[in-house]
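Biologist: I should like to learn how charged side chains are read in a model. Could we begin with the general idea and then turn to the case at hand?

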Amino acid sequence: QVQLQESGPGLVKPSQTLSLTCTVSGGSITTNYYYWAWIRQPPVKGLEWIGYITYAGTTYLSPSLRSRTSISRDTSKNQFTLHLSSVTPEDAAVYYCARLNSFEYEYDYWGQGTQVTVSS
């Protein structure tokens, strides 16, 4: 059973960089054909895809966030990390990490989500 767990600060000040880490257990982030994604949901809005890093380490990022976003990984810890720079109150959301099965193109495992507030 694959499990994902987000961790990071719940409160970030405007203009700072938000860093969230997803720790994966029950499966390796280098296993072929799985992509590891970050998705967020702002208050009273739908899910927004941020980006993902593939089993091979390639990243794909949302065009609307690409200039402020990076995703990295630590294979020794089986973790991947989101960095979102220059945050504003519009970046406040519940942030989820999830696994994408690239064959079925469906998200089959999700973390529980972590609330991020942007405030001074």
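Modeller: A salt bridge is counted when a side-chain nitrogen of Lys or Arg lies within 4 Å of a carboxyl oxygen of Asp or Glu. The model here is predicted. In it, the side chains of Asp91 and Arg68 satisfy that criterion, with N to O at 2.9 Å. This pair joins distant parts of the chain: Asp91 belongs to the loop between S8 and S9, Arg68 to the loop between strand S6 (59-61) and strand S7 (69-74), and 23 residues separate them.

Biologist: How many salt bridges does a search of the whole structure find?

Modeller: The search finds four. Asp91 also forms one with Arg40, the closest N and O atoms being 2.9 Å apart. That pair again links distant parts of the chain, since Arg40 sits in strand S4 (residues 34-41), 51 residues from Asp91. Arg40 in turn meets Glu48 at 2.7 Å, N to O. Arg40, Glu48, Arg68 and Asp91 are thus linked in a network of salt bridges.

Biologist: Is Asp91 buried or exposed?

Modeller: Buried means under 20% relative accessible area. Asp91 has 2% and therefore counts as buried; Arg40, at 5%, is buried as well. Glu48, at 24%, counts as partly exposed.

Biologist: What surrounds this network in terms of helices and strands?

Modeller: The protein has zero helices and 11 strands. Of its 120 residues, 40% count as buried. A compact globule with 120 residues would have a radius of gyration near 14 Å, and the protein's 14 Å agrees.

How values were computed. Residues numbered from 1 in each chain as written. Predicted model: local features only at pLDDT ≥ 70, side-chain atom pairs only at ≥ 80, totals over all residues. Heavy atoms only, no water. Helix = DSSP H or I, 4+ residues; strand = E, 2+ residues; numbered from the N terminus. Rg over C-alpha atoms; globule rule 2.2 N^0.38 Å. Buried < 20%, exposed > 50% of the residue type's maximum accessible area, 1.4 Å probe, protein only.
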